[in-house]
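Me: I have a structure open on my screen and would like to learn how to read it. Could you walk me through it?

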Amino acid sequence: MKNLVLTLFSVLLVVSCGGGSGSGGGADNNGSSSVILPLQSEIDLYVTTENRYASFNLPIEVSIPESTSEVYLYVGSNFGSSSGISNLSLSIVLGGESNVSFDYYLPESNPGGDYKEVLTLYFCYDENCNSTIEGSPFDITLNVNTTLPTISSNTIRSYTVKRRIDDPTEMVFDIKIPIENSHRSSNSYVEFSGDASFSVIQCPLNSDRTEATCPVTIESLNTMSYYTMDQGYTLSVNLCYSDYCYGSNSDNILISVMFESEQLSTISSELPKALVGRYDEDNHLTYSRFYNAFIYYGSSSETSRNLMIKPVSGGETVIIPLRPSIFEKLGKIHVDDISGQIYYLRSSNDRSALYKLTPDLDSPQESITIEYINSVPSPSDALFINDSLFLSSTNQLYSDSHLTEINISTGNEIKSNSEISTSEVRRISLTSLDGDIFSGITESNKNTIARFREGNIEAQDINSIEYPYSYECNELLSTEDIILNRCGRRFEKDSSNNDIMIEIEPIPRPSWFNHEHEEENRFLVSALKMDFGNYIYVERSRKDCVDDCVNYLTIANKNNSEVQEFFLPSSLSIASGLHVDKDGSLWVSGKSSLGYLVAQKLMLPQ
C-alpha cells in the first residue's frame, strides 16, 4: 500500500498541490469510484493578541485508487485576502489516517471579537480542477476565538485566616483564582505579589488552564507585626498576557487576607510561690511528702550551693550547705518518704559519689552527710528505686557504655552491665514501670527502649522498641502505666501479652504540630496520671527556649478522645516540673518572669 504525500503551494487564495504517485487503477478523471469526506465540519481556534498563532489538523476520509498519481487541493475563504490561513499541507495515507494541516495567524485587520471564517476545500484530479473527487468541495467553519482570558468576576476577594496564636510554624494558604475564556493553547500565566514581605510568585494553573492556585506563605502570628495582625495582607493578582505584566498586558485584582487569632484559655492558679534562689536547669526540684516541701538546689549567695527545703505551707526555708567544689556537678535528688533520708549525687569528670543526708531542720548546719564514692564518672542519668540507685554512663571516646546498680544504704555496687558498650551509644536515660527498668538508648541512627525485668540490669529483655533517631526525644519519663519520651511518644505493655511493649497514640497535639520534626515543636516537661484516671501533661514550646517559651498544660483521657488544653500562667516563663502534694493539689515549678525559681499551685477545671 502506497503513502501519497502532497506538498501544497499557496498563491493568494488559491493553493495548489502536486501529489505523489501510486500503482493500481480503477478510477477515471471523474473520480466516480473515489470519495473524500471531512471527519469534522468545525474547528475551534484560539488566537488573541497574546497568542496570535494556532495550528490544526483536519482529519479526512479518503478513498481513491492506488493508481492515482496526483491530487490537487484548492482552498477558498469567505474573507478573501484577509484570511489568516497559511502553510497548508496534505497527507494522504490510503487505508490509514489522512489530514489537511494548516497554520492560522490572527490578521492585523481582524474584525474584532470572536468571529467565524468559512473555508471551502476542493480536491481535484487535475490542476484546473475540471475533475473533482466525489464529496468535494465541502466547507469547514473556523470558530476563531479572540477574547482574552480574564480573572473571573466570581473570584473571592477577601479571606480570613484563623490561626492559633502559639503556632510557631509558617503555613501556606492557597487562594484559588478562576480564569474565564481560557484555553489550553494560551500562554498566559497568573502571578501575585503583596506587601513588602512578598516577592512576585507565579501561581500554577490546572491542566485546562481554567484555575490558578496562588500559594500564600503566612508567618507565625506570634512573630507577626501588630500592624500586619491588624491590617492583614493585600495581594495584587495579575493574569499576564506576555513577558511583561502591566497595563493592557494583564488583568488585575486585589485580594485581602485578614488574620484572626485563636487563643487558648489559661489554667487558673494561685500566685506563684517564690523559692529562695535563681532558676537554672540544675535545680533538680522535687516534692517530698515526708517534709510536705519542695526540695531543690539553690544559692543563698553568689558562691554558695545549698540544699533547700521549702514547705508547701509557706514556712521558712531550711538551707543546708553542701559546699561542692567548682568542678563538681550536683545531680538528682531522692527523698525516702518513710525515713526522711535525702540522697543526692555529685559528680565530676573522673568520679561520682552518692551522698546520704540526714537533715537537722532546727540546726541545718548540723545536718549529717555520708559520702559513698562509686566508679561511675559523670552519669548520664540516675534512677532511684526502693533501696537501689541505678546509674547510666556513656563515653563515646572509649566506646564505654554501661549500667550500674548501687545499694543506697551501704554505697556498695551490686550489679553492672557493660554489654551495651558500643561506639554508637550517645546517651542512656532511665525510668521504671511496674518494677521493671526501661532504658532509652540513643544511638547515632536510632532510638531504642530496652527493658530489664524486675530491675535486673544484667539481663536485657529480647523485646525492645526502636523508632527514628532524635537526640532530644529519647529521654524517658513514666506514669503508673505508660512510658513517654520528651517528644510525647507513648508506650505501654500489650494488653494481650505483657512481655511486649507497644507504641500507642502520642499525647494530644494541636493541628499545626509537625510530627516529622517533633523535637522542634514541643518538649514534654512532666506527665502524671491523676486519681480520676486522666493524664496531665506539662510541655513547653522548645527544650532550649529562654524568654520566648510558651508553656502548656493538657488534660486528656488515655485514648485522647477527651482533651482540654491550656496555657500555663504568664507569670511562669519556663515550666520545668509538675508535682502533686499530699493533699492532692497540683503544682507546676519553673522560672518566673523575673528569673527566680517558683512553684505555682494550679486549679484544675471541674
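Reply: Gladly; we will go through cores, cavities, a sheet and one residue in turn. Keep in mind that this is a predicted model.

Me: Let's begin with the nonpolar core. Which residues of the largest one touch the most other members?

Reply: The largest nonpolar core has 31 residues, and those that touch the most other members are L58, I60, V100, Y104, L121, F123 and L142. At least two residues of this core come from each of β4 (42-46), β5 (53-63), β6 (72-77), β7 (85-93), β8 (98-105), β9 (115-124) and β10 (138-145).

Me: Could we zoom in on one of them? What is I60 in contact with, leaving aside its neighbours within four places in sequence?

Reply: With those neighbours set aside, I60 contacts I36, L37, P38, L39, L90, S98, N99, V100, F123 and F138. There is also a second, separate core, made of 25 residues, and V161, L235, L239 and F259 are among them.

Me: Now for empty space. How would I find it, and how many cavities of 30 Å³ or more are there?

Reply: The general idea is that rolling a probe the size of a water molecule over the atoms shows where empty space is left. Here the count is two cavities of 30 Å³ or more. The largest cavity holds about 50 Å³ of space.

Me: Which residues line the largest cavity?

Reply: Its lining consists of I43, L58, V75, L88, V100, F102, L119, L121 and I140. Two elements, β8 and β9, give two or more residues to that lining. You have met L58, V100 and L121 already, in the largest nonpolar core.

Me: On to sheets. How do strands pair, and what is the strand order in the open sheet of four strands?

Reply: In general, strands of a sheet pair through backbone hydrogen bonds, either parallel or antiparallel. In this open sheet the order is β25-β26-β27-β28, and the pairing is antiparallel. At the edges are β25 (329-335) and β28 (368-374), each pairing on one side only. Direction ignored, neighbouring strands are turned by 20° against each other on average.

Me: How many bridges join β27 to β28?

Reply: Seven bridges join β27 (residues 352-358) to β28, and these two strands run antiparallel. As an example to look up on your screen, A353 stands opposite I373 in β28.

Me: One last residue: is S439 buried or exposed?

Reply: S439 counts as buried because its relative accessible area is 1%, and the cut-off for buried is under 20%. S439 sits in strand β34 (residues 436-443). Not counting residues up to four places away in sequence, S439 touches I428, S429, L430, T448, I449, A450, F452 and L476.

Terms used
Residues are numbered from 1 along each chain as its sequence is written. This is a predicted model: local features need pLDDT of at least 70, side-chain atom pairs count only at pLDDT 80 or more; totals for chains, interfaces and linings use all residues. Side-chain values use heavy atoms; hydrogens and water are left out. A nonpolar core is a set of buried Ala, Val, Leu, Ile, Met, Phe, Trp, Tyr and Cys residues joined through side-chain atoms within 4.5 Å. Buried means under 20% relative accessible area, exposed over 50%, partly exposed in between (1.4 Å probe, protein chains only). Contact means heavy atoms within 4.5 Å. Two strands pair if DSSP finds at least two bridges between them. Axes are lines fitted to C-alpha atoms, for helices over the stretch in contact, and angles run from 0 to 180 degrees between N-to-C directions. On a 1 Å grid over the protein atoms alone, a cavity is a set of points where a 1.4 Å probe fits but cannot get out, and a pocket is an open set with protein on both sides within 12 Å along at least five of seven lines; lining residues have an atom within 4 Å of a point. Grid points are joined across faces, edges and corners, and a volume is the space filled by probe spheres set on the points.
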